[in-house]
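Dear colleague,

I am handing over the structure we spoke about, and below it you will find notes on what turned up in it.

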Amino acid sequence: VQLQAFGGGLVQAGGSLRLSCAASGGTFSTYVMGWFRQAPVKERELVAAINWSGFRTYYIDSAKGRFTISRDNAKNTVDLQMNSLEPADTAIYYCAARGGLFDVAKGYDYWGQGTQVTVSS
């Protein structure tokens with residue numbers, strides 16, 4: 001499975017960005033999809049995840065109410081709409097995929113390249 005993430009950029013605090021991840025190969029509609037981020041000198045963290053159908057989602061506490069994860073199984077894409085961005089959201093964002101149940105504690109098998117999100121104050 002190849003994943004390609006895009007949509008990052010520079011935005012002022014309070015602004016919005018929409019990240020997209022396009023998948024090829026594999027069976028996208030069966031995968032749990034996740035968006036991770038890693039800021040300098042910080043560990044990578046799972047920001048949001050979505051199950052195969054789109055009916056189940058997970059968000060890290062700091063993203064609740066601001067970020068929305070969605071997927072389009074017909075287009076093999078997963079998006080992350082980020083609103084009310086804060087400087088603390090600055091990081092490299094990665095999309096990832098794995099098979100199996102919707103268990104946010106499990107590791108991911110496939111990773112895309114990162115896309116930089118920078119939020120200025």
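Cys-95 is buried, with a relative accessible area of 0%, and I begin with this residue in what is, please bear in mind, a predicted model. Its partner is Cys-21, to which a disulfide joins Cys-95 with an S to S distance of 2.1 Å, and Cys-21 is likewise buried at a relative accessible area of 0%. The structure holds one disulfide, and the link of Cys-21 and Cys-95 is right-handed, with 55 degrees about the S-S bond. Because Cys-21 belongs to strand S3 (residues 17–24) and Cys-95 to strand S9 (residues 91–98), the pair ties together parts that are 74 residues apart in sequence.

Turning to the chain as a whole, its secondary structure consists of 11 strands and zero helices. Of the contacts with a separation of 6 or more, 56% are between residues 24 or more positions apart, and buried residues make up 43% of the 121 residues.

As for overall dimensions, the protein chain has a radius of gyration of 13 Å, which agrees with the value near 14 Å for a compact globule of 121 residues, while the C-alpha atoms fill a box of roughly 40 × 25 × 25 Å along the principal axes.

On the surface, the protein chain exposes about 6,200 Å², of which carbon and sulfur atoms supply 50%. Its side chains include 11 positive and 9 negative ones, and the centres of these two sets lie 3 Å apart.

With best regards

Note on methods
Residues numbered from 1 in each chain as written. Predicted model: local features only at pLDDT ≥ 70, side-chain atom pairs only at ≥ 80, totals over all residues. Heavy atoms only, no water. Disulfide = S-S within 2.5 Å. Helix = DSSP H or I, 4+ residues; strand = E, 2+ residues; numbered from the N terminus. Buried < 20%, exposed > 50% of the residue type's maximum accessible area, 1.4 Å probe, protein only. Rg over C-alpha atoms; globule rule 2.2 N^0.38 Å. Contact = heavy atoms within 4.5 Å. Areas by Shrake-Rupley, 256 points an atom, 1.4 Å probe, with all protein chains shown as cover. Lys, Arg positive; Asp, Glu negative; His and termini not counted. Charge placed at Lys NZ, Arg CZ, Asp CG, Glu CD.
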